[in-house]
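Reader: I am new to this structure. Please walk me through it and explain the terms as they come up.

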Amino acid sequence: MKAGKRDDLITIERNGGTAEDTFGGVQKGWATYATVWAEVVYGTGSERRQAGNEGAQQSATFRVLADPETLGVTTADRINFNGTWDIVNVSPLARDGIEYTAMRRSAA
C-alpha cells in the first residue's frame with residue numbers, strides 16, 4: 001500500500017463501557033484506541049445522491065496500513081474523522097493494508 005494516498009489523520013475509538021450522566025441516562029464511554037493515517041474514499045456518486053435526497057446515511061471507506069493496532073479493529077469500534085463513523089465492515093487489503101467501511105448520518 002503506497003503511503004502517498006494516506007493523507008488524512010483519523011482516530012479510531014473503542015467503547016470503554018458505560019457511565020451514568022447527570023440526568024440519570026446511560027452514556028457510552030468512547031476512548032481513543034489508535035490514531036492513524038488513512039486514505040478516505042467517500043461513497044459512489046449514486047450513494048451520495050441517495051444520501052442527499054433522503055438525508056439518510058453517508059458511506060466511506062478508510063484504508064490504513066496493517067499493524068497490530070489496526071488489525072485489532074472490529075465493527076464494535078468507530079472512527080472519528082469530520083464526524084463520527086460507525087464501522088460496518090473490516091476487510092484485509094492486499095498484503096499490507098486494512099479497509100474499514102463505515103457509515104454516518106448525513107447532516108440534515
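Author: Start with burial. Buried means under 20% relative accessible area, exposed means over 50%, and partly exposed lies in between, with a 1.4 Å probe and protein chains only. This is a predicted model, where local features need pLDDT of at least 70, side-chain atom pairs count only at pLDDT 80 or more, and totals for chains, interfaces and linings use all residues. Residues are numbered from 1 along each chain as its sequence is written, and side-chain values use heavy atoms, with hydrogens and water left out.

Reader: Why is Tyr-42 called partly exposed?

Author: Its relative accessibility is 32%. Partly exposed is the class between under 20% and over 50%, so Tyr-42 counts as partly exposed.

Reader: What makes Trp-85 buried?

Author: Trp-85 has a relative accessible area of 0%. The limit for buried is under 20%, so Trp-85 is buried.

Reader: Why is the aromatic pair of Tyr-42 and Trp-85 called tilted?

Author: Rings of Phe, Tyr and Trp (its six-membered ring) pair if their centres lie within 6.5 Å; planes under 30 degrees apart are stacked, over 60 edge-to-face, and the rest tilted. The structure holds three aromatic pairs. In this one, the rings of Tyr-42 and Trp-85 are 6.1 Å apart centre to centre, with 50° between the planes. That angle is neither under 30 nor over 60 degrees, so the pair is tilted.

Reader: What does the pair of Tyr-42 and Trp-85 tie together?

Author: Tyr-42 lies in strand E2 (residues 26-42) and Trp-85 in strand E5 (residues 84-93), so the pair ties together parts that are 43 residues apart in sequence. Strands here are DSSP runs of E with at least two residues, numbered from the N terminus.

Reader: How do you know that the pair of Phe-62 and Phe-81 is edge-to-face?

Author: Phe-62 and Phe-81 are 6.1 Å apart centre to centre, with 85° between the planes. The angle is over 60 degrees, so this pair is edge-to-face. Phe-62 lies in strand E3 (residues 57-65), and Phe-81 in the loop between strand E4 (78-80) and E5, so the pair ties together parts that are 19 residues apart in sequence. Both Phe-62 and Phe-81 are buried. Tyr-42, Phe-62, Phe-81 and Trp-85 form one aromatic cluster.

Reader: What does Phe-62 touch?

Author: Contact means heavy atoms within 4.5 Å. Leaving aside neighbours within four places in sequence, the contacts of Phe-62 include Ile-10, Ile-79, Phe-81, Trp-85 and Tyr-100.

Reader: Which residues touch the most other members of the largest nonpolar core?

Author: They are Ile-10, Phe-62, Ile-79 and Tyr-100, in a core of 17 residues. A nonpolar core is a set of buried Ala, Val, Leu, Ile, Met, Phe, Trp, Tyr and Cys residues joined through side-chain atoms within 4.5 Å. E2 gives the most to this core, with four residues.

Reader: How do you know that Thr-61 is buried?

Author: Its relative accessible area is 16%. That is under 20%, so Thr-61 is buried. Thr-61 is found in strand E3.

Reader: What makes E2 and E3 paired strands?

Author: Two strands pair if DSSP finds at least two bridges between them. Five bridges join E2 to E3, which run antiparallel, so the condition is met. Ala-38 stands opposite Val-64 in E3.

Reader: How many bridges join E3 and strand E6?

Author: E3 and E6 (residues 97-105) pair in the antiparallel sense over nine bridges. Arg-63 stands opposite Glu-99 in E6.
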